[in-house]
Amino acid sequence: MATLAVSRAPLAGFSFENCRRNVLLEGEAGKLGCSLPAARKTGTTICGIVFKDGVVLGADTRATEGMVVADKNCSKIHYISPNIYCCGAGTAADTEMTTQIISSNLELHALSTGRLPRVATANRMLKQMLFRYQGYIGAALVLGGVDCNGPHLYSIYPHGSTDKLPYVTMGSGSLAAMAVFEDRYKPDMEEEDAKRLVRDAIAAGIFNDLGSGSNIDLTVITKGNVDYIRPHDEANKKGVSLNEPEGCRLTGDYKYKRGTTAVLSQSVTPLLLEVVNESVQTMDTS
Amino acid sequence: FNEKLYTVPQWLNEEVKTGTTIIAVEFNGGVVLGSDSRVSAGQSVVNRVMNKLSPLHDKIYCALSGSAADAQTIAEMVNYQLDVHSMEIGEDPQVRSAATLVRNISYKYKEELSAHLIVAGWDRRGGGQVFATLKGLLTRQPFAVGGSGSSYVYGFVDAEYRKGMSKEESQQFVVNSKLDRWTDKHVDKVVVPPCLIKERNTVVTKIT
């Protein structure tokens, strides 16, 4: 018997068929009282700054899944090319895959031109891809790097618009970080000042925004050199601080020393037990 | 613990719009374009120094308003198409050609896009010209205003515009329309952003 199944070549472009299914599922799940799994977002503070010799990019390291911290130390500064790095905020999978795709395409492009890739090229590739998906790819990026024309910094929004600026912040903690930048940014800063400013901006996001937390990662890109400093600053150390006069030492152990709680009285009662039966069974530890 | 407090702020999910006032004026020998420089996402300002006067060719510029992504993309596409077109005809393109290219995109995708570009420039045949391309129409006008703040400027431009202004008078006309004051609904809120004006010799002047 001949089957009437004809295989169709997959259509180009993005298929929205699953969106209809998802809407139906959401309705059904609501009736049953359960909820669909939340996408893991990075609820982030990321920022970048142009200083005298290059750019400094900074990011926090918390990834959240709804109300829970999914990853306490995730890396939000992604490699694009030897001289270009990109921080990503928004949906974690979207930023990860988008930067990997563009990194791969840019490497092929650089091999084809025979030159070090330019930041403007990466910016064009990213914005054209994000615009094609009309904002459904939830990736908000801070792209920075140094090329033959000097240091450049771009902010790229999920719908595909970009801004070329001397300092940018993105993510849920961006307002806190931008406040620090607007107060203390000066053009042509030295590297140490720029690193301190970015560190303070991310710290402002970490302490004042619920979606950002843990450590501060920095990346310093100059002509011919990249410092990927992870972590630059452990703003939130995990552990219990011991009650010691010399500074605040943290230990991961939650046991307290004997004598922390004063002993008022002590009474020892021996329990007399009869041994009824004793058998030894060897364990097979081969 | 109040869950509502934690939810990601709404402006993070909002599309980035330009909340704008843009204006373009013809004079004998060229055009003057002006714009404010604020880009907003919801209630938050994401860029206070954006240049909304985007070059399509050496002597043809367009002023962007509406959705930032849509407007930037249209301007970059038309920039590319004009480059090819001018190479094919072997000379500088007409302002009408640039405006037609913008109009074609705006009309074909009028349901999907939400951006309004005012095209203005100078060419040998027609001198200074200003074209409006809202929603896919193409009309040449002595001056054009656009963007969400343009409503506040209509009264001023209607009263103050005169035919046959000189270059200096046109520049003064644009400056006096106080574009920086009428962005979106926040009329008097924030610091004055710089205002950029371009003329026939494409000298970029920043007016604070």
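Here are some exercises with worked solutions on a predicted model.

**Exercise 1. Get a feel for chain B.**
Find out how many helices and strands chain B has, and what share of its residues is buried.

*Solution.* Start with the elements: chain B holds six helices and 12 strands. Next, go through its 208 residues: 48% of them are buried. Now look at the surface, where chain B exposes about 10400 Å², with carbon and sulfur atoms supplying 50% of that. Finally, take the contacts in chain B between residues at least 6 apart in sequence: 62% of these join residues at least 24 apart.

**Exercise 2. Lay out a sheet in chain B.**
Work out the order of the strands in the open five-stranded sheet of chain B, and say which strands stand at its edges.

*Solution.* Line the strands up and you get E5-E6-E7-E8-E9, paired antiparallel. Now check the ends: E5 (53-57) and E9 (139-141) of chain B each have a single partner strand, so one side of each has no neighbour in the sheet. As for the twist, neighbouring strands here are turned by 30 degrees against each other on average, ignoring direction.

Zoom in on one pair. E7 (residues 115-123) and E8 (residues 127-132) of chain B are joined in the antiparallel sense over six bridges. Within that pair, Ile118(B) sits opposite Ala132(B) in E8(B).

Then add the helices. H3 (residues 68-89) of chain B packs on the sheet and touches E5, E6 (60-66) and E7 of chain B. The direction of H3(B) makes about 20 degrees with that of E5(B). H4 (residues 95-108) of chain B also packs on the sheet, touching E5, E6, E7, E8 and E9 of chain B. The direction of H4(B) makes about 165 degrees with that of E7(B).

**Exercise 3. Track down the nonpolar cores.**
Which residues have the most contacts inside the largest nonpolar core?

*Solution.* The background first: in soluble globular proteins, nonpolar side chains tend to be buried together. The largest core has 45 residues, and Val142(A), Leu56(B), Ile74(B), Leu117(B) and Val119(B) have the most contacts inside it. Its largest share, seven residues, comes from H3(B). Pick Val119(B) and list what it touches, leaving out residues up to four places away in sequence: you'll find, among them, Leu56(B), Tyr61(B), Val102(B) and Phe131(B). Another core lies apart from this one, with 22 residues including Ala177(A), Leu197(A), Ala203(A) and Ile206(A).

**Exercise 4. Follow a strand in chain A.**
Is strand E2 (residues 54-60) of chain A enclosed or open?

*Solution.* Count the buried residues: seven of the seven in E2(A) are buried, so the strand is largely enclosed by the rest of the structure. Now find its partners. E1 (residues 46-50) of chain A runs antiparallel to E2(A), joined by five bridges, and the two form a hairpin with three residues between them. One bridge there links Cys47(A) with Gly58(A) in E2(A). E2(A) also pairs in the antiparallel sense with E11 (residues 216-222) of chain A, over seven bridges. In that pairing, Asp60(A) stands opposite Ile216(A).

**Exercise 5. Cross two helices.**
Describe how H4 (residues 174-184) and H5 (residues 191-208) of chain A cross.

*Solution.* Take the axes: they come within 7 Å and cross at roughly 145 degrees. The handedness of the crossing is right-handed. For the contacts, residues of H4(A) including Ala177(A), Val180(A) and Phe181(A) are part of a set that meets a group in H5(A), including Leu197(A), Ala201(A) and Ala204(A).

Terms used: Residues are numbered from 1 along each chain as its sequence is written. Chains are lettered from A and ligands numbered from 1 in the order in which they are written. This is a predicted model: local features need pLDDT of at least 70, side-chain atom pairs count only at pLDDT 80 or more; totals for chains, interfaces and linings use all residues. Side-chain values use heavy atoms; hydrogens and water are left out. Two strands pair if DSSP finds at least two bridges between them. Helices (H or I, at least four residues) and strands (E, at least two) are DSSP runs, numbered from the N terminus. Axes are lines fitted to C-alpha atoms, for helices over the stretch in contact, and angles run from 0 to 180 degrees between N-to-C directions. Contact means heavy atoms within 4.5 Å. A nonpolar core is a set of buried Ala, Val, Leu, Ile, Met, Phe, Trp, Tyr and Cys residues joined through side-chain atoms within 4.5 Å. Buried means under 20% relative accessible area, exposed over 50%, partly exposed in between (1.4 Å probe, protein chains only). Accessible areas come from the Shrake-Rupley method with a 1.4 Å probe; for residues, only the protein chains shown count as cover. A crossing is left-handed if the near helix is turned anticlockwise from the far one by less than a right angle, and right-handed if clockwise.
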